[in-house]
Amino acid sequence: MDLFGLLEIIYKINTSTNKLLHSALVTFTDVIAGLLGHLLFRQHFHLLLVLVMVMFGPVLSLRVSKYSIFANKNHYLYRVFLHSCWGWTLTFCGSFVFLLSYCISNSIIHSICHLSRLAVTGIMWSLIRRLLSLLVDASGTCFEPLHSATAAPKDPLNSDTSVGALLLLRGEKGKAACLKAGLHWQGCEVSDDILILSLCCLILAEEICVFKPCMALGRPLGAPLRILFLLCALLLSLWIFLILCLLAHFPLFHSQLVGGAMGYLGWKGLYKYWHALKPSWCCVVKAGALHSETTCKTL
């Protein structure tokens with residue numbers, strides 16, 4: 001067999017492999033898009049997310065082991081994804097929204113208008129973080145642990161009368177300054193981790209569920225867009241998994257519930273009210289949000 005024949009065989013193998021991979025990508029993408037674009041998912045995903053936090057949160061904390069690898073806040077997933085949750089969501093979801101709107105409208109300006117939804121959400125998240133920080137600083141108090149060694153001497157004949165660690169009020173202002181000084185902070189707490197995770201879950205579900213009706217328009221949707229869609233779906237699964245981990249291993253039920261409720265209200269106010277208004281009402285997204293079949297057809 002000469003070199004030319006060998007190269008031809010390699011080319012045919014490569015072509016067949018690419019076709020097989022592309023067919024698998026299209027099939028898998030269609031299945032995921034069908035699930036995420038189903039009417040039940042689009043209408044009831046937010047209820048399912050709230051149900052997980054309200055009902056399953058306390059139950060999970062009783063069933064998991066404290067020696068699990070996810071009970072350590074220094075776990076890889078927490079360090080890499082949790083503290084930069086909005087950055088990951090903005091990167092993948094923003095790329096998907098931009099490319100999808102460009103494939104449908106063939107207009108960069110139109111695509112940038114759709115990205116304005118995520119820009120508004122990012123501004124809202126920054127304001128919420130600032131307001132929560134002010135709320136915590138205003139409602140909390142800084143204490144210094146006062147150990148039993150410096151308190152009243154314990155009775156060696158009665159161990160039950162030993163004085164435990166007490167808390168002495170200090171004048172440190174702000175939670176960050178208090179914790180930096182090695183002291184103890186007590187006050188109103190809202191789980192910003194659950195807040196941003198629930199907000200990102202709802203935004204991802206809102207943005208990627210339109211992929212199925214957009215495919216029905218008959219426009220060419222290439223492999224890069226399908227890969228971005230799968231990455232967004234994978235990111236959505238990861239955020240849900242991290243929510244379950246936080247509820248199970250770090251149970252702070254009331255603060256987590258308030259955080260989840262604030263994330264839900266933020267999503268509801270932006271995507272179900274403001275972005276749904278007509279462009280004439282100073283809406284930053286001039287073509288409306290990509291959250292329904294009719295929206296795709298107006299692109």
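## Exercises on a Predicted Helical Model

G260 lies in helix α10. The model studied in these exercises is a predicted one.

**Exercise 1. Determine whether G260 is buried or exposed, and find which residues it touches beyond its neighbours in sequence.**

*Solution.* Begin with the accessible area. A residue counts as buried when its relative accessible area is under 20%. The value for G260 is 4%, so G260 is buried.

Next, set aside the neighbours within four places in sequence; G260 is then in contact with M53, I194 and S198.

Finally, consider I194 more closely. This residue is 66 residues away from G260 along the chain, yet their C-alpha atoms are separated by 5.7 Å.

**Exercise 2. Describe the overall make-up of the protein chain, and state what share of its residues is buried.**

*Solution.* First, count the elements: the protein chain has 11 helices and three strands.

Second, read their order. From the N terminus on, the elements run α-α-α-α-α-β-β-α-β-α-α-α-α-α.

Third, turn to burial: 39% of the 299 residues count as buried.

Fourth, examine the contacts with a separation of 6 or more. Residues 24 or more positions apart account for 78% of these.

**Exercise 3. Identify the residues with the most contacts inside the largest nonpolar core, and the helix that gives the most to this core.**

*Solution.* The largest nonpolar core has 64 residues, and those with the most contacts inside it are F96, L100, F229 and W239. Helix α9, residues 223-249, gives the most to this core, with 15 residues. In soluble globular proteins, nonpolar side chains tend to be buried together.

Now follow one of these residues outward. With neighbours within four places in sequence left aside, W239 is in contact with F81, C85, W88, T89, L197, C200, C201 and L204.

A second core of five residues is separate; among its members are V136, C142, C178 and W185.

**Exercise 4. Establish the setting of S111: its helix, its burial and its contacts.**

*Solution.* Start with the position: S111 belongs to helix α5, which covers residues 108-139. The relative accessible area of S111 is 0%, and therefore this residue is buried.

Then list its partners. Not counting residues up to four places away in sequence, S111 touches F98, S101, Y102 and S105. For F98 a specific distance can be given: the side chain of S111 reaches the backbone oxygen of F98 at 3.4 Å.

**Exercise 5. For the largest pocket and the second largest pocket, give the volume, the residues nearest the centre, the element that gives the most to the lining, and the classes of lining residues.**

*Solution.* Take the largest pocket to begin with.

- Its volume is about 780 Å³.
- The largest pocket is lined by 28 residues, of which K175, V190, S191, D192 and D193 lie nearest its centre.
- Elements giving two or more residues to this lining are α4, α5, α6, α7 and α10.
- Helix α5 provides the largest share, seven residues.
- By class, the lining has 15 nonpolar, six polar and seven charged residues.

Proceed to the second largest pocket.

- The second largest pocket has a volume of about 170 Å³.
- Its lining has 13 residues, of which R42, Q43, E206, C209 and K272 lie nearest the centre.
- At least two lining residues are supplied by each of α2, α7 and α10.
- Helix α2 gives the most, with six residues.
- The classes are seven nonpolar, three polar and three charged residues.

Key
Residues numbered from 1 in each chain as written. Predicted model: local features only at pLDDT ≥ 70, side-chain atom pairs only at ≥ 80, totals over all residues. Heavy atoms only, no water. Core = buried A, V, L, I, M, F, W, Y, C linked by side-chain atoms within 4.5 Å. Buried < 20%, exposed > 50% of the residue type's maximum accessible area, 1.4 Å probe, protein only. Helix = DSSP H or I, 4+ residues; strand = E, 2+ residues; numbered from the N terminus. Contact = heavy atoms within 4.5 Å. Polar contact = N/O pair within 3.5 Å; in protein donor to acceptor, adjacent residues only side chain to side chain. 1 Å grid on protein atoms, 1.4 Å probe; cavity = no way out; pocket = protein on both sides within 12 Å on 5 of 7 lines; lining within 4 Å. Points joined across faces, edges and corners; volume = space filled by probe spheres on them. Nonpolar A, V, L, I, M, F, W, Y, C, P; charged D, E, K, R; others polar.
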